[in-house]
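Let's explore this protein together, one question at a time. Have a look at the picture before reading on.

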Amino acid sequence: MNLVVEGYIFDRIDVSEKVTQIVMRKKHKERYNYICFVAFGWVKDRINELDLQQKDKVRIEYYIKSKKWNERYSTDAIIEKIDLKERRTNQITVNFETGEIFE
């Protein structure tokens, strides 16, 4: 069973040559929760090809996997597919008196 989430990238962390993490921030009630997704193999390559960065809007299909280590369980959200929905836009500032543009 694949789960799906759509939203904006809060952070991208290149952990190693083989692993990348995509962090999203989702609002639940009155709090923000951070969700870290893990990418391996061709999915990591796709993230690099798309040059996904902070504030890009993406759609992620993922699955949950848990494993036991030292008598405790840890759970990962592993990306199976990621698509770019909207590229981030760079905001510019304009001085309305002079017309000067600041990036």
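Q: What pattern do the helices and strands follow along the sequence of the protein chain?
A: This is a predicted model. The protein chain has one helix and seven strands. Read along the sequence, they follow the pattern β-β-β-α-β-β-β-β.

Q: Which residues of helix α1 are buried?
A: Helix α1 covers residues 41–50. A residue counts as buried when its relative accessible area is under 20%. In α1, the buried residues are V43, K44, I47 and L50.

Q: Why do the buried residues of α1 line one face of the helix?
A: Imagine looking down the axis of α1. On the other side, W42 and E49 are exposed. What covers the buried residues includes the strands β1, β2, β3 and β5. The buried residues line one face because, seen down that axis, they fall within an arc of 130 degrees.

Q: Is F10 buried, exposed or partly exposed?
A: F10 lies in strand β1. Together with Y32 and Y34, F10 makes a nonpolar surface patch of about 320 Å². Buried means under 20% relative accessible area and exposed means over 50%. With a relative accessible area of 33%, F10 is partly exposed.

Q: What is the radius of gyration of the protein chain?
A: The C-alpha trace spans about 65 × 35 × 25 Å along its principal axes. For a compact globule of 103 residues, the radius of gyration would be near 13 Å. The protein chain instead has 17 Å.

Key. Residues numbered from 1 in each chain as written. Predicted model: local features only at pLDDT ≥ 70, side-chain atom pairs only at ≥ 80, totals over all residues. Heavy atoms only, no water. Buried < 20%, exposed > 50% of the residue type's maximum accessible area, 1.4 Å probe, protein only. Helix = DSSP H or I, 4+ residues; strand = E, 2+ residues; numbered from the N terminus. Arc of directions from axis to C-beta. Contact = heavy atoms within 4.5 Å. Patch = residues over 30% accessible without salt bridge, like charges linked within 9 Å, V, L, I, M, F, W, Y side chains within 5 Å. Areas by Shrake-Rupley, 256 points an atom, 1.4 Å probe, with all protein chains shown as cover. Salt bridge = Lys/Arg side-chain N within 4 Å of Asp/Glu carboxyl O. Rg over C-alpha atoms; globule rule 2.2 N^0.38 Å.
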